[in-house]
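Visitor: Please give me a close look at one sheet of this model. Take me along its strands, then into what surrounds them.

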Amino acid sequence: MKSADSPEVLFRDRLPTESHLGYTHIVKQIKTLVDKMEATMGYRLSEIGIATPGIRDPRSGLMRNCNTTCLNRMPLKQDLEKVLAVKVHMANDANCFALAEANMGIVKEKFPGARTVFGVIMGTGVGGGVVVDGKVISGFHGIGGEWGHNILDASCGTKCYCGKTGCVEKVLAGPALQDYYTSISGTKKTMAEIYESFKSGNDEFATKTIERLIHFFGLALSVVVNILDPDVIVIGGGVGNIDLIYSEGRKSLQRFIFNDGDFGTPMAKPKLGDSAGVFGAALLSVK
Ligand SMILES: [Zn+2]
């Protein structure tokens with residue numbers, strides 16, 4: 001990235017972390033990728049940005065809440081700085097998504113005056129990131145924006161890996177919605193199939209699943225809106241791609257917020273696709 005104002009992709013590659021081989025192997029894979037980038041580009045990097053699952057606790061410097069569980073309790077940033085001999089900036093992938101969409105993506109393009117942006121990811125998991133005046137608010141513990149682990153409905157969700165029951169993620173993530181569909185219908189469908197069945201109007205279980213998604217989407221996000229009252233909400237991830245979120249989901253949210261039924265906040269689709277997290281990571285060195 002030449003500068004934050006006119007970013008340019010100079011090198012693009014992908015390498016599996018092969019996380020089943022453990023923490024040291026992941027660090028090695030990252031080094032392999034960085035070495036290849038430097039050799040190809042002829043650059044020596046001075047700083048590097050990395051988007052991770054979970055968070056790095058700013059107090060202990062150790063990783064927490066990662067679904068790649070071998071990263072948890074490990075000093076990933078310090079180890080990478082040692083191995084790569086460069087300064088490493090690190091943030092949660094949903095924070096990086098929000099940072100990129102705010103500074104380079106849909107918010108910059110359509111809502112340039114927006115100061116507070118809430119970036120939502122609803123896919124295989126549910127995450128979020130708060131960006132204020134172009135900068136991520138990661139918080140005291142590094143958990144800023146983690147609405148996916150607010151308790152949404154303790155009576156309907158199964159136990160979450162975080163130890164609680166009924167987290168937003170256990171209700172709104174794709175796998176949770178698929179599990180719910182299976183629990184009421186006795187059959188398995190992917191999220192895309194459930195949505196197709198819902199649109200065809202002849203699968204009452206699909207209708208129930210999508211209506212439940214819409215209801216709980218509004219309820220879950222209202223908690224965030226009542227506290228943050230963002231200028232824009234950007235919604236990414238596979239579940240976030242369902243167009244009904246922008247119409248019926250919006251009405252549901254409107255019902256639950258503390259604002260007398262009037263809800264003017266724009267809800268925007270992201271623009272940067274799969275690359276948002278990577279762009280956001282690169283921006284960490286300048287933001
Ligand atoms: Zn949880």
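Guide: What follows starts at one strand, moves across its sheet, and then goes out to the core, the loops and a pocket.

This is a predicted model, so local features need pLDDT of at least 70 and side-chain atom pairs pLDDT 80 or more, while totals for chains, interfaces and linings use all residues. Residues are numbered from 1 along each chain as its sequence is written, and side-chain values use heavy atoms, without hydrogens or water.

Start with strand E8, residues 232-236. Helices (H or I, at least four residues) and strands (E, at least two) are DSSP runs, numbered from the N terminus. Five of the five residues of E8 are buried. Buried means under 20% relative accessible area; exposed means over 50%, and partly exposed lies in between (1.4 Å probe, protein chains only). Val232, Val234 and Gly236 point one way. Ile233 and Ile235 point the other way. In a regular strand, side chains alternate between the two faces of the sheet.

Now the neighbours of E8. Two strands pair if DSSP finds at least two bridges between them. E5 and E8 pair in the parallel sense, over five bridges. Val117 stands opposite Val232 there. E8 is also joined to strand E9, residues 267-268, by two bridges, and this pair is parallel too. Here Val234 has Ala268 as its bridge partner.

Step back to the whole sheet. It is open, has five strands, and runs in the order E7-E6-E5-E8-E9, with mixed pairing. E7 and E9 are the edge strands, each pairing on one side only. The antiparallel sense appears between E6 and E7, over two bridges. Val132 stands opposite Lys135 in E7.

Next, the core. A nonpolar core is a set of buried Ala, Val, Leu, Ile, Met, Phe, Trp, Tyr and Cys residues joined through side-chain atoms within 4.5 Å. The largest one has 38 residues. Three strands of the sheet, E5 (116-122), E6 (126-132) and E8, are among the elements that each supply at least two of its residues. Helices do so too, including H5 (169-172), H6 (174-185) and H9 (244-256). Helix H8 (204-228) gives the most, with 10 residues. Met122, Trp147, Leu172 and Leu221 have the most contacts inside this core.

Look at Leu172. Contact means heavy atoms within 4.5 Å. Neighbours within four places in sequence aside, Leu172 touches Met122, Val126, Trp147, Leu152, Leu177, Leu213, Phe216, Phe217, Ala220 and Val239. Apart from the largest core lies another, of 21 residues. Phe97, Val131, Phe279 and Ala281 are among its members.

Two loops lead into strands of this sheet. Asp229 sits in the loop between H8 and E8. Its phi is near 45°, a positive value in a residue other than glycine. Asp229 is exposed, with a relative accessible area of 52%. Thr124 lies in the loop between E5 and E6. Its relative accessibility is 72%, so Thr124 counts as exposed. Neighbours within four places aside, Thr124 is in contact with Ala173 and Pro175.

Last, a pairing outside those five strands, and a pocket. Strand E1, residues 47-52, has a covered face of Ile48, Ile50 and Thr52. Glu47, Gly49 and Ala51 form the uncovered face. E1 runs parallel to E4, joined by six bridges. Lys87 in E4 is the bridge partner of Glu47.

E4 also gives four residues to the lining of the second largest pocket, the largest share. On a 1 Å grid over the protein atoms alone, a pocket is an open set of points where a 1.4 Å probe fits, with protein on both sides within 12 Å along at least five of seven lines; lining residues have an atom within 4 Å of a point. This pocket has a volume of about 350 Å³, taken as the space filled by probe spheres set on the points, which are joined across faces, edges and corners. Of its 17 lining residues, Met90, Ala91, Val136, Ser138 and Leu284 are the closest to its centre. E7 (135-136), an edge strand of the sheet, is one of the elements that give two or more residues to this lining. By class, the lining has seven nonpolar, six polar and four charged residues. Ala, Val, Leu, Ile, Met, Phe, Trp, Tyr, Cys and Pro count as nonpolar, Asp, Glu, Lys and Arg as charged, and the others, Gly among them, as polar.
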